[in-house]
Amino acid sequence: MSGETSGANRSQQDGMNSLLRLLPFARPYLMQFIVVLILVVIFSATTVLQPYLVKIAIDRDISGSHLNLHGLLMITAIYVVAVLIGVLANYAQIVILQYVGQSIIRKVRMELFAHIERQAMSFFDTNAIGRLVTNVSSDTETISQFFTQFFLSMARDGLLLFMIIFMMFELNVRIALYSMVLIPLIFGISILFRSRLRTAYQTTRTRLSNIVAFLAENLSGMRITQIFHQERRQEMRFDELNRSHRKANIHEYQVSVQFNRVLELLGNAAVAFVVWVGGGEVLHKVILFGTLYAFISYVRQFFTPINSITQQWNTLQSSIVAADRIGRLLATTPAIVDVTTPEEIKDGVGKITFDHVTFAYKVGENVLNDLAFEIQPGSLVGFVGATGAGKSSIMSLLTRFYDVAGGHILLDNVDVRQYRQQDLRRLIGIVQQDVHLFSGTVVDNIRLFRSQVTEEQVIQAAITVGADEFIRKLPNGYQTKILAKGANLSMGQRQLLSFARIAVQNPRVLILDEATASLDSQTELWVQRGLHTLASNRTTLVIAHRLSTVRDADQIIVLDRGRIVEMGTHDGLVLKNGLYRKLYEKSGVESSYALSTNM
Ligand SMILES: Nc1ncnc2c1ncn2[C@@H]1O[C@H](COP(=O)(O)OP(=O)(O)OP(=O)(O)O)[C@@H](O)[C@H]1O
Ligand SMILES: [Mg+2]
């Protein structure tokens with residue numbers, strides 16, 4: 001929280017500029033803003049008119065020599081109409097602004113989401129998901145508050161204050177001047193309390209979000225907590241968080257109550273002050289009693305707009321912080337962009353060439369060094385090497401989630417950087433061990449929400465990879481809803497669904513990253529069969545820890561710390577008695593270990 005505040009000061013100017021740069025989001029609603037302004041004028045006028053009407057009634061109709069019933073009725077009627085118009089104007093203005101605010105939120109959110117979608121993978125390495133979620137969900141709300149509440153309050157409360165002061169001077173300059181002493185007093189006290197309230201509010205919010213974060217992490221890690229008997233410990237940590245939240249919450253409430261009481265006290269004092277100053281004038285018949293009444297009402301009315309204006313100071317502060325964050329996000333240009341004249345996709349066979357490729361996630365720390373190899377169309381190539389050797393990184397380069405630091409990667413004799421990213425990724429299908437399923441039906445997840453893919457194509461794809469059989473046994477077959485993270489499917493079933501996705505896509509090149517690890521042998525058999533169908537007739541790159549998977553590969557590339565150390569067929573490499581042979585022998589031991597400890 002303190003980091004947020006100091007950050008706000010540092011980039012106050014930047015934030016203000018970012019805020020102004022977001023103005024175009026509000027431009028389409030210029031008409032609505034003008035209507036709101038008119039309504040605000042009407043509302044303020046009726047508000048200020050009310051005490052004045054009462055004054056007329058008192059001075060003219062009631063305290064004269066005889067009761068002027070007709071005049072009193074007239075005033076009462078006008079009063080009622082003024083109140084009604086004021087209420088209606090206020091209502092309409094709130095509804096319109098709400099619409100405008102929500103529309104702005106929607107647009108900023110869409111823009112942010114689209115912008116995030118265009119970012120390269122390196123962006124997601126350095127930007128925490130939680131922060132992005134905050135940017136898109138709550139920062140946008142703060143911004144919309146600025147466009148609506150801030151402007152509204154400045155217009156409405158500024159106008160109201162001006163009108164009240166004007167009416168007071170109209171009624172009696174001397175008492176009006178006395179009353180002016182109050183304005184800086186109310187402002188000062190409000191600002192003082194507002195900043196205390198804001199700090200207290202933010203502390204409570206931070207502590208509440210700590211509770212939420214703790215809960216989220218703990219609920220998803222419940223299995224680990226129970227396995228290691230950590231329930232008591234976690235309860236204690238949770239209690240700690242709750243205590244600190246309670247403390248912050250009570251403090252916030254205290255400040256808020258103090259503020260209200262002080263304002264009330266001040267209000268009463270102000271009335272007493274006006275009665276004291278004005279009472280004398282009434283006695284000396286300088287002013288009429290109705291005028292005194294009007295003064296008392298105006299002094300009371302003073303408080304609302306001043307209070308509201310000081311509140312906008314906080315809105316402005318949080319908007320600046322939010323706009324700064326959003327502005328920064330919108331200013332990040334994607335690290336990977338398409339060339340201006342991309343290569344069109346021609347018929348191809350799926351030939352892959354790595355031409356002295358070097359790569360680093362962080363400049364100076366090479367993860368891949370001078371990789372040179374060629375993969376023939378339609379062949380099956382295995383990549384093996386210890387963990388961290390760079391196998392997955394190779395695949396990320398081929399699909400251009402990152403760009404090479406040196407050398408070239410060619411797909412069908414064209415540098416992958418010359419294709420549109422979209423086209424390139426359509427040519428390459430990737431199966432990962434960790435299958436991500438979206439909430440939706442089985443069909444949605446296979447066609448990935450592309451409406452041009454028909455249900456027949458989906459079923460055909462499922463049949464091809466051998467997923468049809470289990471899908472039909474699900475409660476609603478292809479229309480079965482998939483639970484969060486695919487909880488109602490087994491690992492193997494999720495894998496088969498991901499194969500069906502690829503079959504629909506029908507790519508030239510297939511990449512399997514450790515696709516067959518950690519499955520029981522029966523499921524693995526299905527999965528192997530599905531893979532076999534997928535792999536036939538296309539270039540296939542397989543990363544496998546269990547080297548039995550790549551036994552039949554046309555070529556095996558052995559990596560060690562980002563370098564190719566051996567290349568050849570299984571038999572050739574075993575005879576060579578080098579790193580591959582070592583890995584192969586170790587892999588046999590590891591897989592039996594993995595089976596016996598599988599949970
Ligand atoms: N997004 C990333 N940012 C920074 N460094 C990374 C990133 N991804 C991988 N690395 C580093 O690059 C190296 C190669 O990682 P890579 O994932 O390619 O290995 P791998 O061969 O696929 O390993 P495994 O068999 O465990 O999957 C490792 O040292 C790893 O720490
Ligand atoms: Mg890997």
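Reader: Which helix gives the most to the shell around ligand 1?
Author: This is a predicted model, in which local features need pLDDT of at least 70 and side-chain atom pairs pLDDT 80 or more, while totals for chains, interfaces and linings use all residues. Residues are numbered from 1 along each chain as its sequence is written, chains are lettered from A and ligands numbered from 1 in the order in which they are written, and side-chain values use heavy atoms, without hydrogens and water. Helices are DSSP runs of H or I, at least four residues, numbered from the N terminus. With three residues, 391-398 is the helix that gives the most to the shell: α12.

Reader: Which side chain has an N or O atom 2.4 Å from an oxygen atom of ligand 1?
Author: A polar contact is a pair of N or O atoms within 3.5 Å. A backbone N or O atom of Gly388 lies 2.9 Å from a ligand oxygen. The side chain at 2.4 Å from a ligand oxygen is that of Ser393.

Reader: How much of the accessible area of ligand 1 does the protein cover?
Author: Accessible areas come from the Shrake-Rupley method with a 1.4 Å probe. Ser393 puts a side-chain N or O atom 2.4 Å from a ligand oxygen. Of the 630 Å² that ligand 1 has on its own, the protein covers 63%.

Reader: Are α6 and α11 roughly parallel or roughly antiparallel to each other?
Author: Axes are lines fitted to C-alpha atoms over the stretch in contact, with angles from 0 to 180 degrees between N-to-C directions. Those of α6 (residues 129-171) and α11 (residues 289-331) come within 6 Å and cross at roughly 155 degrees. Angles under 35 degrees count as roughly parallel, over 145 as roughly antiparallel, 65 to 115 as roughly perpendicular and the rest as oblique. The two helices are therefore roughly antiparallel.

Notes: Polar contact = N/O pair within 3.5 Å; in protein donor to acceptor, adjacent residues only side chain to side chain.
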